[in-house]
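Work through the exercises below with the model open. Try each task before you read its solution.

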Amino acid sequence: MLRRLLSALIATFALLALTGCGYNDFQRLDEQVKASWAEVLSQYQRRADLIPNIVNTVKGEANFEQETLTRVIEARSRATAIQVTPELLNNPEALQKFQAAQGELSGALSRLLVVTENYPNLKANQGFQDLRVQLEGTENRITVARNRYIKAVTDYNVLARSFPSNLTAMVMGYAVKPSFTVANEAAISTAPVVDFGGKAASK
């Protein structure tokens, strides 16, 4: 029995060696996934860092809708409370929870920005306008980073599922990685509208 198992393992490794096992490709694509994910996190963090400044500026406006402001603060707190570990990349449930928290923050922030259109003082505030421009740029960077991550995961998963590299994946434990999923796929390539000129900005 042991001899048969050993022979099978030797035959498997020989097959991988002869057909191109894809080991180096797995290393390269895995690093690309990690680098792309790091960029996604960097842009989400950039947005999270901008929000306190936006909130503080909005707080200075008399009679501003406190419920809307509170939702942004609470959504940011939930999004930044999620512990992001390397294991998250291989855990579909954890990644979905992370996405949901970021999506909730996007929704709350979008609502806040829409409401600010009713406050002329904010629209005339240069500091607020500068923050708006930074936020708009950050949302665009998030979209680009997220798309790059999706592409990196797709390339990795194709390798993990294709023959004969799928044999290497099985032997070496290279599992298929989860990717971003959204209810509306068009949202992946469309950043939230943060225009204050009264017309929706064309993307």
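**Exercise 1. Count the salt bridges, then find what the pair Arg-47 and Glu-139 links.**

Step 1. Apply the rule: a salt bridge is a side-chain nitrogen of Lys or Arg within 4 Å of a carboxyl oxygen of Asp or Glu. The count comes to 10 salt bridges. The model is predicted, so local features need pLDDT of at least 70, side-chain atom pairs count only at pLDDT 80 or more, and totals for chains, interfaces and linings use all residues. Residues are numbered from 1 along each chain as its sequence is written, and side-chain values use heavy atoms, with hydrogens and water left out.

Step 2. Take Arg-47 and Glu-139. Their side chains meet in a salt bridge at 3.3 Å, N to O. This pair links distant parts of the chain: Arg-47 sits in helix α2, Glu-139 in helix α6, 92 residues apart. Helices here are DSSP runs (H or I, at least four residues), as are strands (E, at least two), numbered from the N terminus.

Step 3. Check burial. Buried means under 20% relative accessible area, exposed over 50%, partly exposed in between (1.4 Å probe, protein chains only). Both Arg-47 and Glu-139 are buried. For Arg-47 the relative accessible area is 1%.

Step 4. List the surroundings of Arg-47. Contact means heavy atoms within 4.5 Å. Leaving aside neighbours within four places in sequence, Arg-47 is in contact with Gln-102, Leu-105, Ser-106, Leu-109, Leu-135, Thr-138, Glu-139 and Ile-142.

**Exercise 2. Which parts does the pair Arg-111 and Glu-65 tie together?**

Step 1. Get the distance. The side chains of Arg-111 and Glu-65 meet in a salt bridge at 3.9 Å, N to O.

Step 2. Locate the ends. Arg-111 lies in helix α4 and Glu-65 in the loop between α2 and α3, so the pair ties together parts that are 46 residues apart in sequence.

Step 3. Classify the ends. Arg-111 has a relative accessible area of 42%, so it is partly exposed. Glu-65 is partly exposed too, with 32%.

**Exercise 3. Place the pair Arg-132 and Glu-136.**

Step 1. The side chains of Arg-132 and Glu-136 meet in a salt bridge at 3.8 Å, N to O.

Step 2. Both lie in helix α6, 4 residues apart, about one turn of the helix. An α-helix has 3.6 residues a turn, so residues three or four places apart point the same way.

Step 3. Arg-132 is buried, with a relative accessible area of 17%. Glu-136 is partly exposed, with 21%.

Step 4. Look for a network as well. Asp-30, Glu-31, Lys-34 and Lys-177 are linked in a network of salt bridges.

**Exercise 4. Describe helix α4: how many residues has it, and what covers its buried residues?**

Step 1. Helix α4 (residues 92-115) has 24 residues. From its first C-alpha to its last, α4 reaches 35 Å, close to the 34 Å expected at 1.5 Å a residue. The expected span is 1.5 Å times one less than the number of residues.

Step 2. Find the buried side. Among the buried residues of α4 are Leu-95, Phe-98, Gln-102, Leu-105 and Leu-109. Their cover includes α2, α3 (66-81) and α6 (126-161). Gln-102, Leu-105 and Leu-109 also appear among the contacts of Arg-47.

**Exercise 5. Summarise the fold: how many helices and strands are there?**

Step 1. The protein has 7 helices and 0 strands. Along the sequence the pattern reads α-α-α-α-α-α-α.

Step 2. Buried residues make up 37% of the 203 residues.

Step 3. Turn to contacts with a separation of 6 or more. Residues 24 or more positions apart account for 80% of them.

Step 4. Take one example of a distant pair. Ser-42 and Ala-145 are 103 residues apart in sequence and 9.1 Å apart in space, C-alpha to C-alpha. Ser-42 lies in helix α2. At 39% relative accessible area, Ser-42 is partly exposed.
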